[in-house]
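Dear colleague,

Here is the structure I promised to pass on to you, together with its sequence. My notes come after it, and I would be glad if you read them with the model open.

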Amino acid sequence: MSRLIVVSNRVSAPKDPAAGSAGGLAMALSAALRTYDGLWFGWSGETIETFTGEAKIEDRAGVTVALVDLEPQDVDEYYNGYANKTLWPLFHHRLDLTAYERSYGEGYERVNQRFAEVLAPMLEPDDIIWVHDYHLIPMARDLRRLGVTNRIGFFLHTPWPVRQLLVTLPHHRRLVESLFAYDLIGFQTEEWLDLFRDYVISEARGELAGDNGLEAFGRKVCVGVYPIGIDVEDFMGARDSPAGLRTYDRMAASSAFRSMMVGVDRLDYSKGLEERMLGYEQFLHDNAELRGDVFLVQVTPISRDDVDTYQDIRARLDALAGRINGEYADMDWQPIRYLNRGYRRDQLAGIYRAARVGLVTPLRDGMNLVAKEYVAAQNPDDPGVLILSRFAGAAEQMGEALLVNPFSREELSDAIKTALTMPREERIRKWTALMKVVRDTDVAIWRDDFVQALRSIEVADDGDRPLHHQPRADAA
Ligand code: G6P
C-alpha cells in the first residue's frame, strides 16, 4: 500500500494521544498515518534566523512528523500576513478586515516554495499527498515544478468565497490556477463547491468536465464534497471518562436550578461572538421573567494574537462581556462566564453534556465541529438543543437544529427562548435526527472517502494528467 503524506501548516499529531488535548482531525489523520506508514509535514511553529532547507524528523506516538522552521519574516508575511490577514478574512467575507499587501503575497509564495523544496526529495514514487487548507494552496504547483508526478489532493477547511469578493484579491487568477495542479480538490459543503465552480466558469472561462470534474487553465481537476466530522466513539468515550464525568458533575452543581448555555470558539471575528453576546443581551432585556434562570458559559481561547484584527475583537468582547455582566448580574448570578482559555476534549464533553443549549453562531464557517461535538455529548433521554447559524457549513447537514441568522439579535433572542422552553419529546426527536448526521459524517468516513477518491484517480505512467481525471470505475 502506498504511503500517505499529509501536509498542513500546523502539524497536530499528538505526542501523547491519551492526554486528551488533540482534536478529532488530528487523531483521525494520525491513525491513517500509522496505517499507511505515512508522514505529516508542516511548520514546526518555531522560527530560525536563517532557513535551513531541512526538516526535523520526529516520532509522535508512532506517527512520523517532518517539521520545518521558518524565518521570522516568513511567519510575518506568510502566516500572520497572507494566510491570516488576507485569505482568512476574504474567505470569511470580511472585506473590511482584508489586507492586500504585496509583501504578504511574496512571503506566501516563498514559504510554499520552501515547503515544496524540502518535501520533494522525501517523496517516493507511489506516495499519495494530501495538502490541507488555505495556507498551502500553491503547494501542488510548486511540487509539480520540481518534477513531482504523484497524486496530490487538496482539502479546504474554510468556506470558498463568492466570486464578486474573490476578484478583489490581486492575482486571484494565479491563486485559483495553482489549484489546478492538484488531482482532487475537496470542499466541506455543496455551497462552497458551487462557489468555486462559479469562479472557474465565469471568471476563468472554464468548463464542467463530467459529474465531478472541472477544466480550466488547460488542465482538468476532480472536485467533490467531503463534509468533515468528529470521531464519535472517541468523543463519547471522552464524555464518559472519569474526567468527563467529573466535569459534568462540577458544571451540573454550578448550574443548580438554572439552565446553562454553552459556546466554544476560538477568539475569531468569524465566530460571531459579538453578535451572540448582543443576541443574548437582547434576550435578557426582553425576558425579565427568565433572566435569572439561565447563564452562558463562553469558552474562548485566544487565537492569532499577533494579528491586529484579533486584538481588536478581543478588546471588544472583553468590553461587551463586562457590560452585560455589569448591567444584569445579581449577587448570586452572573449572565456570562467568559473564559479566555481552552479545555481538554474530555472536559469539554462534560461541559457540553451539562448544557441545555449549545450556541454555535458563526457569521461564516467552513463546517464547525463544535456543533457535532455538542450533539454527541448529549444525554439521549434528556438532550439539549443546538442553536446553529445557517451560515456554518454544518447547517447544510444539520437542518434539525434551530437554525438562526446570527446577524439578527431578535432572531437569536427568540431562538434562545424557544430552546429553553422546548418540550422534551421535541428535543429528543431533533437530537435523534442530528445524532444520525453526526454518526454518518464521522471523521473516519471523511478521511477514508477523500483518500480513496484520490487513490483511485488514474495517472499515466509518465505522470501525464490531461485526460485522466475521472475516478476509476471501481472507486467506492
Ligand atoms: C481553522 C483553520 C485551521 C487552523 C485553525 C486554528 O480551523 O481552518 O487550518 O489550524 O483554524 O488556527 P491557527 O492559526 O491557530 O492554526
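Below I go through the ligand site and then a few residues in loops.

Please keep in mind throughout that this is a predicted model, and that the values given here are computed from it.

I begin with the ligand, which occupies the space of the largest pocket. The residues that surround the ligand are Arg 10, Tyr 79, Trp 88, Asp 133, His 135, His 157, Arg 266 and Arg 304, and by character this shell divides into 4 charged, 2 polar and 2 nonpolar residues. Three side chains of the shell can be described by their distances to oxygen atoms of the ligand. For Arg 10, an N or O atom of the side chain lies 2.5 Å from a ligand oxygen, and for Asp 133 the distance between a side-chain N or O atom and an oxygen of the ligand is likewise 2.5 Å. In the case of Arg 304, a ligand oxygen is found 2.8 Å from an N or O atom of the side chain. As for the surface of the ligand, it exposes 380 Å² when taken alone, and the protein buries 71% of that.

Asp 133 deserves a second look, since its backbone can be described as well as its side chain. The residue sits in the loop that runs between β5 (128-132) and α4 (139-145), and its phi is near 75°, a positive value in a residue other than glycine. With a relative accessibility of 13%, Asp 133 counts as buried, because the cut-off for that class is under 20%.

A positive phi also occurs at Phe 217, which is not a glycine and for which the angle is about 55°. Phe 217 is placed in the loop between β9 (213-216) and β10 (219-225). Its relative accessible area is 21%, and Phe 217 is therefore classed as partly exposed, given that buried means under 20% and exposed means over 50%.

The last residue I would point out is Thr 361, in the loop between β14 (357-360) and α13 (369-376). Thr 361 is buried, with a relative accessible area of 0%, and its side chain makes a polar contact of 2.8 Å with the side chain of Arg 276.

When you open the model, you might start from Asp 133, which belongs to the shell around the ligand and also carries the positive phi mentioned above.

With best wishes

Terms used. Residues numbered from 1 in each chain as written. Predicted model: local features only at pLDDT ≥ 70, side-chain atom pairs only at ≥ 80, totals over all residues. Heavy atoms only, no water. Near = heavy atom within 4 Å. Polar contact = N/O pair within 3.5 Å; in protein donor to acceptor, adjacent residues only side chain to side chain. Areas by Shrake-Rupley, 256 points an atom, 1.4 Å probe, with all protein chains shown as cover. 1 Å grid on protein atoms, 1.4 Å probe; cavity = no way out; pocket = protein on both sides within 12 Å on 5 of 7 lines; lining within 4 Å. Sits in = over half its atoms within 2 Å of the grid points. Nonpolar A, V, L, I, M, F, W, Y, C, P; charged D, E, K, R; others polar. Helix = DSSP H or I, 4+ residues; strand = E, 2+ residues; numbered from the N terminus. Buried < 20%, exposed > 50% of the residue type's maximum accessible area, 1.4 Å probe, protein only.
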